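Biologist: Please take a close look at one part of this model, beginning with a helix pair and continuing into the sheet.

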Amino acid sequence: MKVKSVGVIGAGQMGAGIAQVCAAIDRKVILCDIKQEFVDNGLKTINRNLERSVTKERIVQEDMDETLANIQTTLKLGDLSECDIIIEAIVENVDIKKKLFQDLGKSCKDDAILASNTSSIPIGILAEVSERPELVVGMHFMNPVPVMKLVEVIRAKSTNDSTFEATFKLAEDLNKVPVLVNDFPGFVSNRILLPMLNEAMFCVMEGVAEPEAVDTVMKLGMSHPMGPLTLADFIGLDTCLAIMEVLHKDLDDDKYRPCPLLIKMVKEGKLGKKSGEGFYKY
Ligand code: CAA
Ligand code: NAD
């Protein structure tokens, strides 16, 4: 099956990036969120990214115009009913995602693939409630989507061959490198990455070093492009906490206990770059 049209749900940092890269390879994209201001912000991000690419002469103005013309927006889930694939990139909360997959199972055309960009939630949980478990798959992009090459393609026990193959092929068409991963909490990427970010937070909480020092150690000592606390702020501390909670609960191992400092910061509304403050101020 060739994917010609893509519904993207959630116009936040991931959804906007996913809509952009799909539109850039000439897929018709419908970007959906719950409020007009969120959709508008997503479109602004896409505009900004494309303008930067034009300025840097990676694309020409015509490419930018064509990409933008491929994107429609909506606040109504029903408008995605004819899309070949839906890629969900809403908040990392299992109950909210389950409700969405129930609704999508009812409102999308019968052969539409339902993909989740979840960072950690086992795909089988979403497949179970969708009324089409064989058409549900994980398509886990990395942030920032237009730059990062990896897509984890998560195959749940119920995912059929054609769903997996079409999703893998879409990732290749996007000029990404898809990697097959089995359906475990946090997959590969976040099972490895998030405990490191969490440990960096423990270092700050216990007074081992200030955030700048922790980041400098990992940047200059281990050649990481961003220090772990800068990266946590970039991902979103709410998302980091949600991922740690899934790892802790579903793998049932205290080594994944979320750092109390992370819990406190999220309670205080310090969500990182997106809220203006996290380990750093923006
Ligand atoms: N959106 C789009 N493009 C962006 C961007 C953004 N937010 N930020 C940077 N870029 C582009 C720039 O335009 C630039 O492109 P060109 O080279 O073509 O000009 C390129 O990326 C490099 O940017 P900069 O020179 O400004 O900065 P940099 O060299 O520091 O790179 C970075 C920025 C690519 C983000 C780099 O710091 C990096 O790789 N950081 C780590 C990112 C990472 O680990 N991502 C994974 C997060 S975990 C995840 O995604 C999974 C999850 O579920 C939580
Ligand atoms: P975000 O907070 O930037 O955006 C989430 C968007 O979803 C918001 O605009 C919100 O209004 C919208 N939304 C919430 N409920 C909705 C619903 N029921 N219907 C439609 N829209 C809804 O979050 P994000 O960082 O883009 O993360 C989105 C998803 O992608 C999460 O599952 C996250 O774990 C995953 N993810 C995040 C990153 C990252 O680095 N931030 C990387 C990979 C995957």
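**Helix pair and sheet**

Modeller: Helix H7 (residues 189-205) packs against helix H11 (residues 260-267) at an angle of about 90°, their axes lying 8 Å apart (helices are DSSP runs of H or I of at least four residues, strands E runs of at least two; axes are fitted to C-alpha atoms, and angles run from 0 to 180 degrees between N-to-C directions). The model is predicted, so local features need pLDDT of at least 70 and side-chain atom pairs pLDDT 80 or more, whereas totals for chains, interfaces and linings use all residues. Residues are numbered from 1 along each chain, chains are lettered from A and ligands numbered from 1 in written order, and side-chain values use heavy atoms, without hydrogens or water.

H7 and H11 are therefore roughly perpendicular (65 to 115 degrees). From H7, Asn-198, Met-201, Phe-202, Val-204 and Met-205 meet Pro-260, Leu-261 and Leu-262 of H11 (heavy atoms within 4.5 Å). This contact of H7 with H11 comprises 7 nonpolar residues, 1 polar and no charged ones.

In the sheet, 8 strands follow the open order E3-E2-E1-E4-E5-E6-E7-E8, with mixed pairing (at least two DSSP bridges per pair). Strand E3 (71-74) and E8 are the edges; each has a single partner strand, so one side of each lacks a neighbour in the sheet. On average, neighbouring strands are turned by 25° against each other, direction ignored. Helix H4 (residues 94-107) packs on this sheet, where H4 touches strand E1 (5-9), strand E4 (85-88), strand E5 (113-116) and E6. The direction of H4 makes about 165° with that of E5.

Strand E6 (residues 136-141) pairs with strand E7 (residues 150-155) in the antiparallel sense over 4 bridges, and Phe-141 has Val-151 as its bridge partner in E7. E7 and strand E8 (residues 177-182) are paired in the parallel sense over 6 bridges; Arg-155 has Asn-182 of E8 as its bridge partner.

Definitions and conventions:
Parallel < 35°, antiparallel > 145°, perpendicular 65-115°, else oblique. Nonpolar A, V, L, I, M, F, W, Y, C, P; charged D, E, K, R; others polar.
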